[in-house]
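Please open the structure in a viewer with residue selection enabled. The tour below proceeds by selections, each followed by an account of what is found there.

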Amino acid sequence: MQPDRSKAPGLHVCTRGSGMTAAAQPRPGPARQQPDSSLVRAARAPSFTSSSPCTRSSAPGRGLEGPGSAPWARGGSCAGAMEEAGASLGPTEQTVQLNSGTRMPLLGMGTFRLQGAELVSQCVDAALAHGYRSFDTAAVYGNEAAIGQALGALLPHHSLARSDVFLTTKLGPRDQGKAEAACLRSLEQLACGYLDLYLIHWPGTQGKPQGDKGNRERRWESWRVLERMYHAGQLRAIGVSNYTLGHLQELLAHCRVPPAVLQVECHPELPQRELWDFCQQHGIHLQAYASLGCGQLLGRAEVGRVAERQGRTPAQVLLRWALQQGVGVIPKSVNPTRLAENAQLWSWDLSPEDMAELGAMDCSRHYCWDPSGVT
Ligand SMILES: NC(=O)c1ccc[n+]([C@@H]2O[C@H](COP(=O)([O-])OP(=O)(O)OC[C@H]3O[C@@H](n4cnc5c(N)ncnc54)[C@H](OP(=O)(O)O)[C@@H]3O)[C@@H](O)[C@H]2O)c1
């Protein structure tokens, strides 16, 4: 049975194979007024502590040199030594170098539907304890402020600094074409000084038809703003989400800064092979969302058989399937035991037989939504 996501906040509505209808479009969180100086304040006075034993390898033209002590942000020997250690390392050290020069953990914690300051704090605490160093949120999730507060309070307890975590948030579809104010709002909400990754959440615009002629121009305006903020150092990497091959080709034909990341729904029933090939050819990192099919894939017989052969859980099999192909994952759970389970992904491999069995599940099924109708 399909989960009813129609009551979910923001962008996420599970509709098999359907496009995003006006009714399914993101419902924004409460509007917050944002003074123009907020970013300056945020950049000068991040609420997280910062220490910098290693210097970040900065991309050309970057203005903001924030704290650079995160293992994945270290250039040269720091990152190299950890990568060489390979599978013996914990999940936090398993990173990918983005085309922006920054390093991103391949495992992050998803936060869609994670609401309420107390629950957010408990989950972030458990995630940090289990080695997560990357957090994926979005303006439309309505939890940026709670995540910012939780990290600000919890990082010192885990002997971590702002630079030890990788924060991703996204431009809400209602803010296509108004990206600067929206991004400044997210920076203020997260109170994190800079964003490690900022994504355009959806190629369309909330409140406009999927085929609206202005979609392309608004996407393009948004991207130009992201490029500017990237060059100013406010955003360490920029990317897109829910873009199709056509949207990506159009972006690459016009951009000055290519996208570092494409975040899309991806799992054995929707392996996104064409997009994955394209991303590989163009140096774009593919990050999967809904790796568990929003929980629906956990009961599939094929997944169960592989899990039994491997002595692992179905969730671990689905997450490992992506990681083994170099695809990042951001599973979401509010359950500390599951958070721990979802992080045990590194010291084992799926066999070619396992990969073939999972590979045969491809049926182009979306558990979230399908952007192919957005012009
Ligand atoms: N860019 C986009 O448009 C977009 C769209 C969708 C999602 N996302 C991002 O991707 C993240 C992940 O996607 P998602 O949350 O939609 O789906 P998901 O990670 O595929 O599945 C989450 C569901 O699986 C359950 N679950 C998690 N781990 C489990 C385990 N080990 N065993 C059994 N059940 C488990 C969770 O329940 P409990 O919480 O009760 O454990 C939750 O109901 C989101 O949180 C969000 O950050 C982005």
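Select helix H6 together with its surroundings: the elements that cover the buried residues of H6 include S5, helix H5 (179–190), S6, S7 and helix H7 (245–254). The model is a predicted one. Within H6, the buried residues are Asn215, Arg218, Arg219, Trp220, Ser222, Trp223, Val225, Leu226, Glu227, Met229 and Tyr230. Now place markers on the terminal C-alpha atoms of H6. They are 24 Å apart, in agreement with the 24 Å that 17 residues should span at 1.5 Å a residue. Directly after this helix, select glycine 233, whose phi is positive at about 85 degrees.

**The sheet**

Next, display the strands. An open sheet is formed by eight strands, with parallel pairing, in the order S3-S4-S5-S6-S7-S8-S9-S10. Its edges are strand S3 (109–110) and strand S10 (328–329), each of which pairs on one side only. Return to H6 (residues 215–231) and view it against this sheet: the helix packs there, touching S5, strand S6 (197–200) and strand S7 (238–241). The direction of H6 makes about 150 degrees with that of S7.

Zoom in on strand S4 (residues 134–136) and strand S5 (residues 166–171), which pair in the parallel sense over three bridges. Which residue of S5 stands opposite phenylalanine 135? Selecting leucine 167 shows the residue in that position. Aspartate 136 likewise has a bridge partner in S5, namely threonine 168. Colour S5 by accessibility: the strand is mostly covered, with six of its six residues buried.

**From S4 into helix H4**

Follow the chain onward from S4 to asparagine 143, which lies in the loop between S4 and helix H4 (144–154). Is asparagine 143 buried or exposed? Its relative accessible area is 1%, and the cut-off for buried is under 20%, so asparagine 143 is buried. Leaving aside residues up to four places away in sequence, asparagine 143 touches Thr111, Leu114, Thr137 and Ala138.

Add H5 to the selection of H4. The two axes come within 7 Å and cross at roughly 40 degrees; H4 and H5 are therefore oblique to each other. To see the contact itself, show Glu144, Ala145, Ile147 and Gly148 in H4, which meet Ser186, Gln189 and Leu190 in H5. Sorted by class, this contact has three nonpolar, three polar and one charged residues.

**Helix H3**

Move to helix H3 (residues 117–129). At 1.5 Å a residue, its 13 residues should span 18 Å, and the end C-alpha atoms are indeed 18 Å apart. Select Val120, Cys123, Val124, Ala126, Ala127 and Leu128, which are the buried residues of H3. Their cover includes S3, S4, H4 and helix H11 (336–341). Just past the end of H3, glycine 131 takes a positive phi of about 100 degrees.

Within H3, pick out leucine 119. This residue is partly exposed, with a relative accessible area of 31%. Its contacts are Leu114 and Val334, when residues up to four places away in sequence are not counted. A distance label from the C-alpha atom of leucine 119 to that of alanine 150 should read 9.8 Å, although these residues are 31 apart along the chain.

**Helices H9 and H10**

The next selection comprises helix H9 (residues 301–310) and helix H10 (residues 314–323). How are these two helices oriented with respect to each other? Their axes come within 8 Å and cross at roughly 95 degrees, and H9 and H10 are therefore roughly perpendicular to each other. Show the side chains that make the contact: Val303, Val306 and Ala307 from H9, with Pro314, Val317 and Leu318 from H10. By class, this contact of H9 with H10 has six nonpolar, no polar and no charged residues.

**The whole chain**

Finally, reset the view to the full model. The protein chain has 12 helices and 10 strands. Of its 375 residues, 57% are buried. Among contacts between residues at least 6 apart in sequence, 74% join residues at least 24 apart.

Terms used:
Residues are numbered from 1 along each chain as its sequence is written. This is a predicted model: local features need pLDDT of at least 70, side-chain atom pairs count only at pLDDT 80 or more; totals for chains, interfaces and linings use all residues. Side-chain values use heavy atoms; hydrogens and water are left out. Two strands pair if DSSP finds at least two bridges between them. Helices (H or I, at least four residues) and strands (E, at least two) are DSSP runs, numbered from the N terminus. Contact means heavy atoms within 4.5 Å. Axes are lines fitted to C-alpha atoms, for helices over the stretch in contact, and angles run from 0 to 180 degrees between N-to-C directions. Angles under 35 degrees count as roughly parallel, over 145 as roughly antiparallel, 65 to 115 as roughly perpendicular and the rest as oblique. Ala, Val, Leu, Ile, Met, Phe, Trp, Tyr, Cys and Pro count as nonpolar, Asp, Glu, Lys and Arg as charged, and the others, Gly among them, as polar. The expected span of a helix is 1.5 Å times one less than its number of residues. Buried means under 20% relative accessible area, exposed over 50%, partly exposed in between (1.4 Å probe, protein chains only).
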